[in-house]
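Visitor: Could you walk me through this one? I'd like to start with the overall fold and finish on a helix contact.

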Amino acid sequence: MVNITHLLGEIDNLNESLKAHKLSSQDYEEILKILKRPPNLIELGIFSAMWSEHCSYKSSKKYLKGFPTKAPWVVQGPGENAGVIDIGNNLCAVFKIESHNHPSFIEPHAGAATGVGGIMRDIFTMGARPVASLNSIRFGDVEDSTSLGKKHRYLLRGVVEGIGSYGNCMGVPTIGGEMSFESCYNGNILVNAFCLGLVKKNEIFYGKAQGAKNPVIYVGSKTGRDGLGGAVMSSDSFSSNSKAMRSAVQVGDPFAEKLLLEACLELFKQDLIIGIQDMGAAGLTSSSFEMAGRSGSGMILHLDKVPMRESGMNPYELMLSESQERMLICAKKGCEDQVLEIFKKWEVDAAIIGEVTKSGNMELFWYGEKCAEIPILELSENAPMLDMPTRAIPPQSHKADRLETDLSTQEIFTTLLGSVEIANKKWVYQQYDSSVQSNTITPAGSGDASMIRIKGTNTALSMSVDCNMRYCQLEPQNGAKIAVATSGRNSIVNGAKPLAISDCLNFGSPQNPEVMWAFSEVCEGIKQACEILNTPVVSGNVSLHNQSDGVDIYPTPSIVSVALLSNIQKAIPSQFQTQGNSIVLLGEIKAEFGGSLAQKILEKRIYGRIPAIDLQKELSLWNLMLESAESSLISSAKDIGEGGLAMALAKMVLGNGVNKPIGCNIHTNLPSQLLFSQSQSCVVAEITAENLQSFMQLAKKHKVPVSEIGCVGGEIFCVDEINMNLAEMAEVYFESFEKLINQDL
């Protein structure tokens, strides 16, 4: 038995303890009001974790309240482990995106792997089997020739390996994602992980603990000291001497999680439990307080009964450890033996560690001695909310209606095609098993969005993650609108109807008034876009303090859109299909280069107004694409995004693979630089001769500008002034990224 006398007495140096726990003197005054006495060290640690930015959203919650969260198809919105939408056939999709940024910068493989494991637990905790994963990962100057570039190439390789190894071992396909590179991430990379699962509508489980005397059961891996203080670490900014916080990074075991997954899914088939919760950030603390808090219950935990993998652990460590692959279950009284037997069958540790009470308090015991007692609702539901000061950045006045460059159109095209942002990421995708479970229709790298079939039905789900952080840096509100619209548009071009989004809001330090102003603007942009496009927010995550040595990242709201395709036979590919088909442009391309990829690469800076977006026009484009898909009028389609029309056409030409490109012959009558403009609500579509007139009439009905600009076919890529051999294009596009990322090996 460990002597814990030092944890239970008065705190020797209060100021030092508060500083170590990232608590303010105001926080401490609130703790005294709640407890009506000074806290001991265990209680102080619990308050620290639950009131951390990572767990409480104390700086951001006020801005999230205006999000639209309801629709006829929304079953569960924000507030649970994940969001849930009805997708028909008595099935629901359960999904969420979360960040694992700080841990991945410290230990890229372990940080990324446990990020994947954590988001999968959020999904199967609700009774759903995970069927698809995406990721949004962002790095610094990987092309830099100094040690900085070498470091970020190392980070990239480690993150990709971590994502691939965990997902592959779990048997969950990683079917897509996005990757971007900006100097603002030099000191703070972003790793956002998304997972989607399927569950029958009447078999959804929630994270609640209610019913006095119902047992509380710990299941999963034993608790160790890894990840200790992870939530607090993720709620603080980096400095040049804080990169060695490796003890706060969790260590994952995907094989243990696979057993936990299967055991939980078997458990859910029987009427044995009240609720279940993943032990994520803040570990046993957050799971226990949140489960009881949602139900207005109390709870007793006997911490000496928690399965431990290290000797000499104490209550403080057991409550705050973020060891992976663990769950907390509230079982029905009398069903304990059946629950334990299921986990024994799967060789997963399980132990009864407490029970639900009516007290409203969390009572912690250590070998029969009470070591902490905290009112649950005051802690879990009433964390101090901060009203951080905001300061608006000056609006962009420059139109940025041209590119300042001496390069020819052909040279600009070749430069962008081989850039780290555009070049094919097959080196990454090949490390992910995208075909396991045999549901994948459109895997990573094959289109704007990724798609899986729903077995036993004629339907499919399309999903895409997107955010142009340069837009959000220049104009946060409009940048957020574009992120929501683009993520949905990526599925629209596949013929799928967007139903809901999950967001991961990555920002710098909340102590910076300009960061909090940008946060408020981004939230307003998301709100407006989701309302008009009818894609409610059903889940999400806020990650603040993404700052290193005083440098904040760009505002980066990663938006995942989930869309439903009601007839799988009507899915629209993103690659050119047939020689001789017409190519049409939907929407209007204007001289809008602010925050564009071309501006960044050619001018080595970003400035000016970003492309305008009219959400009503965006909705009209969506309606046109959906009606066209239903009538099977479109042979292929692609959103015009990074790099503009020229890059969209290049990807449609090369989309069938390195050995199967199909050329095109395009005459746009646009000024040459506009081939690289990133105007919004624009799509390229391939239409057969027999469908062209009907499509044009439909576009007119929806008031979407449309023009025929060329045809599919030929042995070259011919777009106005650009002429390039297909084999040469393929070499630049398919080989550039791998050469860059492996140059240090």
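**Contacts, compactness and a helix pair**

Visitor: Among contacts in the protein between residues at least 6 apart in sequence, what share join residues at least 24 apart?

Guide: First, the ground rules: this is a predicted model, where local features need pLDDT of at least 70, side-chain atom pairs count only at pLDDT 80 or more, and totals for chains, interfaces and linings use all residues. Numbering runs from 1 along each chain as its sequence is written, and side-chain values use heavy atoms, leaving out hydrogens and water. With contact meaning heavy atoms within 4.5 Å, the share that join residues at least 24 apart is 84%.

Visitor: What is the radius of gyration of the protein?

Guide: It's taken over C-alpha atoms, and the globule rule is 2.2 Å times the number of residues to the power 0.38. For 745 residues that rule gives 27 Å, and the protein comes close, so it is as compact as a globular protein of that length: its radius of gyration is 26 Å.

Visitor: And how much of the protein counts as buried?

Guide: Buried means under 20% relative accessible area, with a 1.4 Å probe and protein chains only. Of the 745 residues, the buried part is 63%.

Visitor: At what angle do H23 and H25 pack?

Guide: Helices here are DSSP runs (H or I, at least four residues), numbered from the N terminus. H23 covers residues 644-654 and H25 residues 726-741, with axes 11 Å apart; axes are lines fitted to C-alpha atoms over the stretch in contact, and angles run from 0 to 180 degrees between N-to-C directions. The packing angle is about 105 degrees.

Conventions. Helices (H or I, at least four residues) and strands (E, at least two) are DSSP runs, numbered from the N terminus. Buried means under 20% relative accessible area, exposed over 50%, partly exposed in between (1.4 Å probe, protein chains only).
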